[in-house]
Amino acid sequence: MTIIVKGLNDQRYERTLQLIANLFYEDTKLTISDEVEEDALVVSIKTDIEGNKITAYAELEDPVLTAKRSAQYIEKETEKESFKQNKNAVSHVFLSILQEYTGITQKWGVLTGIRPTKLMHKQKMLGTSVIDTRTHLKQQYLITDEKIDLMEQIVGRQLKMIPDLYELQDEVSIYIGIPFCPTKCAYCTFPAFAIQGKLGKVSAFLAGLHYEIQETGRWLKERGVKITTIYFGGGTPTAITAEEMDALYDEMYRSFPDVKTVREVTVEAGRPDTISPDKLDVLNKWEIDRISINPQSYTDETLKAIGRHHTVQETIDKFHLSREHGMNNINMDLIIGLPNEGVSELQHSLNETEKLMPESVTVHTLSFKRASEMTLNRDKYKVADRNEVEKMMNLAQEWTNDQGYVPYYLYRQKNILGNLENVGYAMPGEESLYNIIIMEEVQTIVGLGCGAASKFIDHATGKITHFSNPKDPKSYNDGFMDYTKKKIDYLEALFPKKAQKS
Ligand code: SF4
């Protein structure tokens, strides 16, 4: 689909409008131009500012459709700040026109960001009432009541689990990335390298990771900064041997400050084919609170098609084995929209999940991320259409509700099928604290290991600085000392030494 937006003469609109167009069409090419191309959908937009009022008008010629939006206009300190109001008004009319033209209602309105619940937290921090927050979200972003209800439910659960969510800035959380998996799944864009034949690389990588843990731990201890949560992800952190896991957790306890008081330590054991009794013993020995065993689907053909190389039965067996070894907080991920899957396959997956009743279930919607094998070979994979995906989402929502799970975090992705969201559900009281903290961006996260993304949050200015370790073990091994130093420099700036008492 080619869309031309006439009348704006300012390229700063292009990205915002492109993101909105992507909500309606796959592979959209949007241009801000007064030159019309044949077969393009042409939308004319203009804005008027009069006193303290801004009005945007949009018009489609064939069929004739119009939209108008008026809002208060406040002159801000910078032109850039003021321009945001133009962008919002233009987004409103552009969305309205496309909704009418396609007959599709966007339940998240003009919102294209990843973390909608952050907007609600922001209003809470400002002390805005519930009613005024609802009105603001509806008027400013055109979010529907259904989605605002969901946001309220999630924000409520998050504050129940972490009552001091807005006061965590003096602590940090830690993410540790282990970049190995038994094989690479077809939809994967994570740093994940098939482990077979890479044993030399694994030990070199782990040596670097131990160093990062030691140095970061030393700095945190010296500066008196506590850790709120620790999360081992990847890859699959249980892809390494039981001895390597044991040495890693030993390092964690020795190097990090006061691991006994850390509120939650999670280890993703995503691939069932990596779980064994000796590894479960190690997880138990170090009192790991929460693990993830991810079925993704309970249909063997699907697992084969996406390159998981494990069977449904293996997921079920490893779940029971983990329970026998005392794991009492298990998360299971399901993916909606996997190749050749529709409502009936999802229903089957939910029926099977019901027999296990893990403490939490995360429902992802498959997104065609750019680098994955599935995107490169899109023709090979038949996936459900927008309507079917929406039905599947609703089914998952009803099922979780019937089983007593509550939604506790959500995030949206670009290129997600049907413009829906990923939702984490949990039994009340079993929600992952790390997931809440990372999703709401309330605290600095220090990423250690391959592909680990750090987020340094300056609470005085709200500025978030991102820093990522390299995704491949070779580059990581070449530069881990340098990356550790850079992160400690960021931390130094954010957590200055407290003045000595005289
Ligand atoms: S198990 Fe997860 S990290 Fe590993 S290849 Fe599959 S999707 Fe990627």
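Glutamate 215 is partly exposed in this predicted model, because 18 other C-beta atoms lie within 10 Å of its own, a count that falls between the 20 or more of a buried residue and the 12 or fewer of an exposed one. The residue belongs to helix α6, which spans residues 199-223. When its neighbours within four places in sequence are left aside, glutamate 215 is in contact with Thr484 and Ile488. Serine 349, by contrast, is 134 residues from glutamate 215 in sequence, and the two C-alpha atoms are 44 Å apart in space.

A second residue that can be followed in this way is proline 358, which sits in the loop between α11 (343-356) and β13 (360-365). Proline 358 counts as buried, because 24 other C-beta atoms lie within 10 Å. Not counting residues up to four places away in sequence, proline 358 touches Ile330, Asn331 and Met332. From lysine 84, on the other hand, proline 358 is 274 residues away along the chain, with 44 Å separating the two C-alpha atoms.

Helix α11, which comes before that loop, also packs against another helix, α13 (residues 386-403), at an angle of about 20° and with the two axes 10 Å apart. An angle under 35 degrees counts as roughly parallel, and α11 is therefore described as roughly parallel to α13. The crossing of these two helices, α11 and α13, is right-handed. On the α11 side the contact is made by Val343, Leu346, Gln347, Leu350 and Glu354, which meet Glu388, Lys391, Met392, Leu395, Ala396, Trp399 and Gln403 in α13. Sorted by class, the residues in this contact of α11 with α13 are seven nonpolar, two polar and three charged.

Another helix pair is found earlier in the sequence, where helix α1 (residues 14-24) packs with helix α2 (residues 79-102) at an angle of about 20°, their axes being 10 Å apart. This angle makes α1 roughly parallel to α2, and α1 passes α2 in a right-handed crossing. From α1, the residues Thr16, Leu17, Ile20 and Phe24 meet Lys87, Ser91, Phe94, Leu95, Leu98 and Thr102 of α2. The contact of α1 with α2 holds six nonpolar, three polar and one charged residues.

Helix α3 (residues 116-126) and helix α5 are arranged at an angle of about 65°, again with axes 10 Å apart. Because angles of 65 to 115 degrees count as roughly perpendicular, α3 and α5 are roughly perpendicular to each other. Here too the crossing, in which α3 passes α5, is right-handed. Pro116, Thr117, Met120, His121 and Lys124 in α3 meet Met151, Ile154 and Val155 in α5, and by class this contact of α3 with α5 is made of five nonpolar, two polar and one charged residues.

Some places in the backbone also deserve attention. Most residues other than glycine have a negative phi, and most peptide bonds are trans. Leucine 142, however, has a positive phi of about 65° although it is not a glycine; leucine 142 is placed in the loop between α4 (130-141) and α5 (145-161), and it is buried, because 20 other C-beta atoms lie within 10 Å. Aspartate 258 likewise has a positive phi, near 45°, and its place is in the loop between α7 and β10 (264-268). Aspartate 258 is exposed, because 11 other C-beta atoms lie within 10 Å.

The peptide bond between aspartate 62 and proline 63 is cis, with an omega of about 0°, and proline 63 is located in the loop between β4 (53-60) and β5 (65-72). A cis peptide bond also joins glycine 234 and glycine 235, where omega is about 25°. Glycine 235 lies in the loop between β9 (227-234) and α7 (242-255).

Gly234 and Gly235 lead on to the ligand, for both are among the residues around it. The others of this shell are Cys181, Lys184, Cys185, Cys188, Phe190, Ala192, Thr236, Gly270 and Arg271. By class, the residues of the shell around the ligand divide into five nonpolar, four polar and two charged.

Definitions and conventions:
Residues are numbered from 1 along each chain as its sequence is written. This is a predicted model: local features need pLDDT of at least 70, side-chain atom pairs count only at pLDDT 80 or more; totals for chains, interfaces and linings use all residues. A residue is near a molecule or strand if its C-beta atom, placed from the backbone, lies within 6 Å of it. Ala, Val, Leu, Ile, Met, Phe, Trp, Tyr, Cys and Pro count as nonpolar, Asp, Glu, Lys and Arg as charged, and the others, Gly among them, as polar. Axes are lines fitted to C-alpha atoms, for helices over the stretch in contact, and angles run from 0 to 180 degrees between N-to-C directions. Helices (H or I, at least four residues) and strands (E, at least two) are DSSP runs, numbered from the N terminus. Angles under 35 degrees count as roughly parallel, over 145 as roughly antiparallel, 65 to 115 as roughly perpendicular and the rest as oblique. A crossing is left-handed if the near helix is turned anticlockwise from the far one by less than a right angle, and right-handed if clockwise. Two residues are in contact if their C-beta atoms, placed from the backbone, lie within 7 Å.
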